[in-house]
Amino acid sequence: MIPFNSPPVVGTEIDFIRTAMGSGKLCGDGDFTKRCQLWLEQRFDTPKALLTPSCTASLEMAAILLDIRPGDEVIMPSYTFVSTANAFVLRGATIVFVDIRPDTMNLDEQLIEAAITDKTRVIVPVHYAGIACEMDTILALAKKYRLAVVEDAAQGVMSEYHGKPLGTLGDIGCFSFHETKNYTAGGEGGATLVNDAGLIDRAEIVREKGTNRSQFFRGQADKYTWRDIGSSYLMADLQAAYLWGQLDAAEIINRRRLDLWNRYRDALLPLAGQGRIELPSVPDGCRQNAHMFYIKLRDIADRSAFIDHMKAADILAVFHYIPLHDSPAGLRFGRFSGEDRYTSRESRRLVRLPLFYNLTDEHQSRVISAINRYFA
Ligand SMILES: *Cc1c(COP(=O)(O)O)cnc(C)c1O
């Protein structure tokens with residue numbers, strides 16, 4: 001069976017984990033956490049990167065840092081993971097869903113302005129498949145209406161928009177190191193990039209259960225006390241050790257994924273040329289990280305038949321993101337602004353192919369052959 005995903009393993013992780021185990025400190029903010037955070041800050045040129053237990057936790061931190069309150073509105077796509085919405089609903093916000101562009105499955109930047117009201121506080125662009133949203137337009141709107149921008153860059157680690165790393169364009173950026181993402185912290189993990197330097201002190205407090213313990217450990221306070229609301233948003237150092245193995249090999253992982261992605265595209269271009277499938281598009285100025293390779297089929301029936309065909313060939317292809325806006329919680333906590341022209345329709349046609357660091361050329365060839373047989 002060729003799985004849809006397998007957690008990336010470089011080979012160095014086990015030695016770093018042993019080192020962490022021998023260090024006498026397994027909890028958060030140990031040596032490996034510091035190493036990973038410094039790497040993220042330098043590689044992506046952001047003033048503060050904080051490791052967290054998940055991208056979900058990073059999004060929750062963002063909502064707390066921006067003081068989101070009941071009655072506030074937050075704009076985001078409906079075609080996203082539940083955590084994008086939940087983080088703000090937990091603070092009492094109403095979610096305002098905006099339709100996506102069919103070419104990238106990202107928030108349609110042309111539809112955002114019509115969704116802005118006097119209650120809007122935040123725009124949350126989700127960089128689907130590691131391909132950037134149209135950030136120039138989004139950032140200009142945020143400036144015009146004095147809104148915050150939180151990037152859900154869960155899938156966007158190592159991607160760029162006009163030369164700038166995803167996660168560093170908004171006030172706050174959120175990364176995921178879940179095992180299904182390009183880099184993992186041993187299964188679960190995330191990072192909060194605090195790009196607005198004015199939010200850094202409070203970000204450290206919120207992450208340390210609402211205390212100024214981070215300052216205390218740096219010798220900037222002689223005791224630590226309860227300062228604010230907060231939670232435990234630290235990653236265990238044992239996990240950071242695994243992540244360090246991955247970040248240290250970030251270029252190698254990125255190159256391998258891009259090779260796999262390009263091979264799928266080259267192999268499937270003829271089918272796209274015949275109008276049998278649609279392939280992902282990468283707009284000018286976007287550098288992607290090959291987080292995902294998807295194809296779009298005719299409709300949901302075609303997709304189900306395709307998934308069954310692949311399964312019969314021992315290959316797992318999967319779809320995801322049942323749109324949030326007409327789910328039970330989406331109806332309760334949100335509303336759709338304007339018309340759902342693409343969100344529902346495109347989400348029913350999309351299927352993802354196996355793509356992970358340790359996928360072999362031989363297995364990829366089997367996937368490509370099985371796809372060609374389906375359309376033959
Ligand atoms: C994976 C993902 C998340 C959640 O990440 P976790 O680290 O699992 O919490 C959030 N948003 C998007 C777009 C994702 O792909």
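1. Helices α1 and α8. In this predicted model, helix α1 (residues 13-22) and helix α8 have axes that come within 8 Å and cross at roughly 150 degrees. Angles over 145 degrees count as roughly antiparallel, and α1 and α8 are therefore roughly antiparallel to each other. Their crossing is right-handed. On the α1 side the contact is made by E13, F16, I17, A20 and M21. On the α8 side it is made by D237, L238, A241, Y242, W244, G245 and Q246.

2. Helices α2 and α8. A second helix also meets α8. The axes of α2 (residues 31-44) and α8 (residues 237-247) come within 7 Å, crossing at roughly 40 degrees. That angle makes α2 oblique to α8. Here the crossing is left-handed. The residues of α2 that take part are D31, F32, T33, R35, C36, W39 and L40. They meet D237, A240, A241, L243, W244 and L247 of α8. When reading such lists, recall that an α-helix has 3.6 residues a turn, so residues three or four places apart point the same way.

3. How covered is α8? Which residues of α8 are buried? They are D237, A240, A241, Y242, L243, W244, G245, Q246 and L247. In other words, 9 of the 11 residues of α8 are buried, and the helix is mostly covered. These buried residues pack against α1 and α2, and also against β1 and α9 (250-273).

4. G245. One residue of helix α8 is worth a separate look: G245. Its relative accessible area is 1%. Buried means under 20%, so G245 is buried. Leaving out residues up to four places away in sequence, G245 touches V10, T12, E13 and F16. Two of the names in that list, E13 and F16, also appear in the contact between α1 and α8. The C-alpha atom of G245 is separated by 9.5 Å from that of Y183, although G245 and Y183 are 62 residues apart along the chain.

5. The sheet. How many strands form the open sheet? There are 8, in the order β1-β9-β8-β5-β4-β2-β3-β12, and the pairing is mixed. At the edges stand β1 (49-52) and β12 (334-336); each has a single partner strand, so one side of each is left without a neighbour in the sheet. From one strand to the next, the twist averages 25 degrees.

6. Strand β3 and its partners. Strand β3 (residues 94-98) pairs with β12 in the parallel sense, over 3 bridges. Within this pairing, I95 has G334 of β12 as its bridge partner. Strand β3 also runs parallel to β2 (residues 73-77), and 5 bridges join them. There, M76 stands opposite F97 of β3. Is β3 enclosed or open to the outside? Because 4 of its 5 residues are buried, β3 is largely enclosed by the rest of the structure. As a general point, the side chains in a regular strand alternate between the two faces of the sheet.

7. Helices on the sheet. The strands above are also packed against by helices. With β3 and β12 paired in parallel, helix α5 (residues 135-145) packs on the sheet, where it touches β4 (120-123) and β5 (148-152). The direction of α5 makes about 150 degrees with that of β5. Helix α6 (residues 200-207) packs on the sheet as well, touching β1 and β9. The direction of α6 makes about 15 degrees with that of β1.

8. K181. Where does K181 lie? It is in the loop between β8 (172-176) and β9 (190-194). The unreviewed UniProt entry places the feature "active site" at K181. The UniProt annotation "modified residue: N6-(pyridoxal phosphate)lysine", also from an unreviewed entry, covers K181 too. In the model, K181 has a relative accessibility of 16% and so counts as buried. Apart from neighbours within four places in sequence, K181 is in contact with P8, A154, Q155, S176, R257 and H291.

How values were computed. Residues numbered from 1 in each chain as written. Predicted model: local features only at pLDDT ≥ 70, side-chain atom pairs only at ≥ 80, totals over all residues. Heavy atoms only, no water. UniProt positions renumbered as here; feature names shortened; annotations may be inferred. Buried < 20%, exposed > 50% of the residue type's maximum accessible area, 1.4 Å probe, protein only. Contact = heavy atoms within 4.5 Å. Pairing = 2+ DSSP bridges. Axes fitted to C-alpha atoms, helices over the stretch in contact; angles between N-to-C directions. Parallel < 35°, antiparallel > 145°, perpendicular 65-115°, else oblique. Left-handed = near helix turned anticlockwise from the far one by under 90°.
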